[in-house]
Amino acid sequence: MEEGEPAPLPRTIRAGPALLDMFHRDARVDARWLGLHPREFAVLWHLAERAGEPVTRRQLLRHVWRLDFDPLTNRVAVAVCRIRACLRAAGVDGLIATIPDRGYLLRVANEALDSPECLRNDAA
């Protein structure tokens with residue numbers, strides 16, 4: 001890589017027990033692919049890039065849907081709910097937390113999956 005060139009994107013990111021694969025645009029737990037929709041994968045990838053940090057609804061709309069305005073829909077909550085359902089079907093629960101009035105957070109490996117009072121596992 002020449003000086004000044006941006007670093008290439010990683011092909012995979014670990015999100016708890018799930019391995020996100022950019023080439024397949026899907027995630028897997030052990031040998032089981034989750035079957036995520038492309039936008040769901042993009043939401044999970046965005047959260048995984050910022051694991052342990054809250055990501056607002058507005059940030060997800062900007063980075064995943066490429067919208068600089070709020071269309072006043074529940075598309076983010078629906079995507080997160082579907083991701084959680086796919087993860088739950090693969091035996092993973094509590095990986096994505098909802099932080100009231102702040103957004104969503106992908107828990108890092110050393111955080112307990114039983115959430116503190118400020119975190120919820122349900123959709124916002």
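Let's start with T98, which counts as buried because its relative accessibility is 1% (buried is under 20% relative accessible area, exposed over 50%, partly exposed in between, with a 1.4 Å probe and protein chains only). T98 sits in strand β5, residues 96–99; strands here are DSSP runs of E with at least two residues, helices are runs of H or I with at least four, and both are numbered from the N terminus. The side chain of T98 makes a polar contact of 2.8 Å with the side chain of R84. By polar contact I mean N or O atoms within 3.5 Å, where within protein one must be able to donate a hydrogen and the other to accept it, and residues adjacent in sequence count only if both atoms are side-chain atoms. T56 is 42 residues away from T98 along the chain, with 9.9 Å between the C-alpha atoms.

A quick word on the source: this is a predicted model, where local features need pLDDT of at least 70 and side-chain atom pairs pLDDT 80 or more, while totals for chains, interfaces and linings use all residues. Residues are numbered from 1 along each chain as its sequence is written, and side-chain values use heavy atoms, with hydrogens and water left out.

Now the overall layout. The chain has three helices and six strands, in the pattern β-β-β-β-α-α-α-β-β along the sequence. Of its 124 residues, 39% are buried.

How are the strands of the open sheet ordered? The order is β1-β2-β3-β4, with antiparallel pairing; strands pair if DSSP finds at least two bridges between them. β1 and β4 (32–33) are at the edges with a single partner strand each, so each has one side without a neighbour in the sheet.

Let's zoom in on β1, residues 12–15. I13 and A15 point to one face and are buried, whereas T12 and R14 point to the other and are not. That fits a familiar rule: in a regular strand, side chains alternate between the two faces of the sheet. β1 pairs with β2 (residues 18–21) in the antiparallel sense over four bridges, and L19 in β2 is the bridge partner of R14. The two strands form a hairpin with two residues between them, and G16 in the turn has a positive phi of about 60°.

On to the packing. The largest nonpolar core has 34 residues, and L20, V43 and I96 have the most contacts inside it. A core here is a set of buried Ala, Val, Leu, Ile, Met, Phe, Trp, Tyr and Cys residues joined through side-chain atoms within 4.5 Å. Elements that each supply at least two residues of this core include β3 (26–29), α1 (38–49) and α2 (57–63). The largest share comes from α3, with seven residues.

One more polar spot for you: R107, in the segment after β6. Is R107 buried or exposed? R107 is buried, at a relative accessible area of 2%. A polar atom of the R107 side chain lies 2.3 Å from the backbone oxygen of G94.

So, to close, back to T98: a buried residue in β5, joined to R84 through their side chains. Thanks, everyone!
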